[in-house]
Amino acid sequence: MPASDPLVSVDQVTRKFPLDHSAVTALDHVNLRIDSGEFLAISGPSGSGKSTLLNLIGCIDRPTSGQILIEGTDTSRLSPSQTSALRREKIGFVFQTFNLIPVFTASENVEYPLLVQGVSAMERRRRVAEALANVGLSSRAHQRPDLLSGGERQRVAVARAIVHRPALVLADEPTANLDTHNATQLIDLMHDLNRSLGLTFIFSTHDQRLLEHTPRIVSLTDGRIISDTHPEGESHGQVLTACVS
Ligand code: ADP
Ligand code: MG
């Protein structure tokens, strides 16, 4: 990709959901650029459009109008199989409800995306061990999810999301089912992985208390970006623009 292309470019994106006789505008002409290596939060109250935005960036959904570019590629031009390949190879997902496979151990859950990608058994073993070590769970590798705490389950989910070294990790309210202590730890863990491995994270939350150390915070209200903090100055980001037309 040309050096000038951002990792993610959201251009004039609107997403409407049809109802019986009208439409809900979940996102309204949103513009956003995210560079490789960023650690970014999408914040906003329930219903503000956080999930809609993450689903669009993750190519799980398509805009009603506007464009989403990943590394300069207009995702609307991709075929369904190219779209799933992009999702599989470039993006890691962390979900609010963990979404681990209950009959698999922690390490089998982390291995799963590599199996789907056809990675060799030896390489899978190496990368799974590394990813579990990255999230501090090497000693829990052979436990099934029901024997892990909520915080541990979500760390397994983070290991699964990073095991294939995606260009981008998307986490939609990853702390919603955690207590405050575990929630803070999870954000800190993701931030550590961002700094140590250079992984790009975009996570959403409606909990302002979790954003103290987040370098860039994009705030949504009613489907519009109302502020975007400056990526300089870790805890004292300055409001730059409301980049909505
Ligand atoms: P958040 O994640 O910030 O809570 P969402 O992106 O889920 O917000 O929702 C934004 C708006 O879009 C809300 O008004 C919601 O009701 C609406 N919405 C989201 N998904 C759908 C859908 N599949 N069908 C109809 N309306 C939806
Ligand atoms: Mg949501």
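The following conversation goes through a predicted model and asks how its descriptions are justified.

Colleague: What makes ligand 1 a molecule with a described shell, and which residues belong to that shell?

Modeller: A residue counts as near a molecule if one of its heavy atoms lies within 4 Å of it, and in this predicted model the residues that surround ligand 1 are Phe17, Val24, Ala26, Pro45, Ser46, Gly47, Ser48, Gly49, Lys50, Ser51 and Thr52. Sorted by class, the shell has 4 nonpolar, 6 polar and 1 charged residues, where Gly is counted among the polar ones.

Colleague: Which elements supply at least two residues of the shell around ligand 1, and which one gives the most?

Modeller: Strand 2 (23–34) and helix 1 each supply at least two residues, and helix 1 gives the most, with 3 residues.

Colleague: How do you know that Thr52 makes a polar contact with ligand 1?

Modeller: The test is a pair of N or O atoms within 3.5 Å, and an oxygen atom of ligand 1 is 2.5 Å from an N or O atom in the side chain of Thr52, so the pair meets the cut-off. Two further pairs involve the backbone, since an oxygen atom of ligand 1 is 3.2 Å from a polar backbone atom of Ser48, and an oxygen atom of ligand 1 is 3.1 Å from a polar backbone atom of Gly49. As for cover, the protein hides 61% of the 550 Å² of accessible area that ligand 1 has on its own.

Colleague: Why is helix 1 called largely enclosed?

Modeller: Of the 8 residues of helix 1 (residues 50–57), 6 are buried, so the rest of the structure largely encloses this helix. The buried residues are Lys50, Thr52, Leu53, Leu54, Leu56 and Ile57, each of them under 20% relative accessible area, as the term buried requires. Just after helix 1, Cys59 takes a positive phi of about 60°.

Colleague: Why is Gly44 called buried, and where is it placed?

Modeller: Gly44 has a relative accessibility of 9%, and the limit for buried is under 20%, so Gly44 counts as buried. Gly44 sits in the loop between strand 3 (39–43) and helix 1, and its C-alpha atom is separated by 8.2 Å from that of Ser204, although the two residues are 160 residues apart along the chain.

Colleague: Why is Phe17 called partly exposed, and which patch does it help to make?

Modeller: Phe17, which lies in strand 1 (residues 8–18), has a relative accessible area of 31%, and the class between the 20% and 50% limits is called partly exposed, so that is the word for Phe17. Patch residues need over 30% relative accessible area, and Phe17 joins Leu19 and Val24 in a nonpolar surface patch of about 240 Å².

Colleague: What makes the pair of Arg216 and Glu38 a salt bridge?

Modeller: Side chains of opposite charge can pair when their charged atoms come close. The cut-off is 4 Å between a side-chain nitrogen and a carboxyl oxygen, and Arg216 and Glu38 meet at 3.0 Å, N to O. This pair links distant parts of the chain, with Arg216 in strand 9 (residues 216–221) and Glu38 in the loop between strand 2 and strand 3, 178 residues apart. Both Arg216 and Glu38 are buried.

Colleague: Why is the salt bridge of Lys90 and Glu71 said to tie parts together?

Modeller: The side chains of Lys90 and Glu71 meet at 3.0 Å, N to O. Lys90 lies in helix 2 (residues 80–90) and Glu71 in the loop between strand 4 (65–70) and strand 5 (73–74), so the pair ties together parts that are 19 residues apart in sequence. Lys90 is partly exposed, at 32% relative accessibility.

Colleague: In the salt bridge of Asp74 and Arg77, which partner is buried and which is exposed?

Modeller: Asp74 and Arg77 meet at 3.4 Å, N to O. Asp74 has 11% relative accessibility and counts as buried, whereas Arg77 has 70%, over the 50% limit, so Arg77 counts as exposed.

Colleague: What makes the phi of Glu71 worth a remark?

Modeller: Most residues other than glycine have a negative phi. Glu71 has a positive phi of about 45° although it is not a glycine. Phe98, in the loop between strand 6 (91–94) and helix 3 (106–116), also has a positive phi, near 70°, and Phe98 is buried, with a relative accessible area of 10%.

Terms used. Residues numbered from 1 in each chain as written. Chains lettered and ligands numbered in written order. Predicted model: local features only at pLDDT ≥ 70, side-chain atom pairs only at ≥ 80, totals over all residues. Heavy atoms only, no water. Patch = residues over 30% accessible without salt bridge, like charges linked within 9 Å, V, L, I, M, F, W, Y side chains within 5 Å. Areas by Shrake-Rupley, 256 points an atom, 1.4 Å probe, with all protein chains shown as cover. Helix = DSSP H or I, 4+ residues; strand = E, 2+ residues; numbered from the N terminus. Buried < 20%, exposed > 50% of the residue type's maximum accessible area, 1.4 Å probe, protein only. Polar contact = N/O pair within 3.5 Å; in protein donor to acceptor, adjacent residues only side chain to side chain.
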